[in-house]
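Trainee: Could we go through this one slowly, with a question at each step?

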Amino acid sequence: MTSASIVTVYNTLIDLVNKDQRGMVTPSIFNSFAQLAQVKIFNKMFESLVQAKNLRIRGIDPADDKSMVKRVKEDLSNFIKTTDRSKSSGVFAKPDDVARLISVSTKGVFAFNTSTEIPIEMIYDKDKLRRILRSPVVAPKENYPIAMVEEDITVYPDSVNKITITYYKIPQGRNSSDARRSLPPSISFISTTGVADEANSVNFELPEHYTDELVFEIGSMIGLNLRDADVVNYSQVKEKE
């Protein structure tokens, strides 16, 4: 996957601002909104997935590579991570970079000493948790555990000491070689020349095809009255140059 270039997004925004004399955008102002815009677009991807699934239910989602469901899932797959967690003080800590949980599971040993992954039902309602714990029928067991998800994760029964968490990570940045960085996107400049320093800048983690949307979102957050058509038309002109 090629990520969206911070330099391209910045230069596009500056060119649009200068073209219509809409004010001035400094690098520090741009950087302060870059991560906010990226997270906003990332959250919109989940809304797009719901809408795409509704189209599929109605039988109007295109097939194969044109499928909206497939495209959004592919984009979101770039942010899926899996990590193992051990219990500490009775709870399991969520990863620092978690955006949304996908699943929680543990390992169980059954017949012939075979290890099997056991899914853990995630619960977010304490009233529901209390009803389950009081029930003689659906009370959690080692082969049917449940997890109360709050700031931390509490798993029942208490005998579960290790879990595996699969989740969507918060988008951060990538370097010029497209390797992940634990830093938000930001643009840097060479002080002696004023030229963008791509080696020390941090690109977005969103795929490259979100470049226009990033320009629009950052512009909107700064207070610029950009239109989608402005950004798209500008990008089409630059592609032909």
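Mentor: Let us start with a term: a residue is called buried when its relative accessible area is under 20%, exposed when that area is over 50%, and partly exposed in between. Please keep in mind that this is a predicted model.

Trainee: Is Glu 205 buried or exposed?

Mentor: The cut-off for a buried residue is a relative accessible area under 20%. Glu 205 has a relative accessible area of 1%, so Glu 205 is buried.

Trainee: Which side chain meets Glu 205 in a salt bridge of 2.8 Å, N to O?

Mentor: Glu 205 lies in the loop between strand 10 (203–204) and helix 5 (211–222), and the partner is in strand 7, so the pair ties together parts that are 36 residues apart in sequence. That partner is buried as well, with a relative accessible area of 3%. The side chain that meets Glu 205 in this salt bridge is that of Lys 169.

Trainee: Where does Arg 180 lie, given that its side chain also meets Glu 205 in a salt bridge?

Mentor: The side chains of Arg 180 and Glu 205 meet at 2.6 Å, N to O. This pair links distant parts of the chain, 25 residues apart, and Arg 180 lies in strand 9 (residues 180–181).

Trainee: Which residue in strand 6 is the bridge partner of Val 149?

Mentor: Strand 5 (residues 146–149) and strand 6 run antiparallel and are joined by four bridges, and they form a hairpin with two residues between them. In strand 6, the residue paired with Val 149 is Ile 153.

Methods. Residues are numbered from 1 along each chain as its sequence is written. This is a predicted model: local features need pLDDT of at least 70, side-chain atom pairs count only at pLDDT 80 or more; totals for chains, interfaces and linings use all residues. Side-chain values use heavy atoms; hydrogens and water are left out. Two strands pair if DSSP finds at least two bridges between them. A salt bridge is a side-chain nitrogen of Lys or Arg within 4 Å of a carboxyl oxygen of Asp or Glu. Buried means under 20% relative accessible area, exposed over 50%, partly exposed in between (1.4 Å probe, protein chains only).
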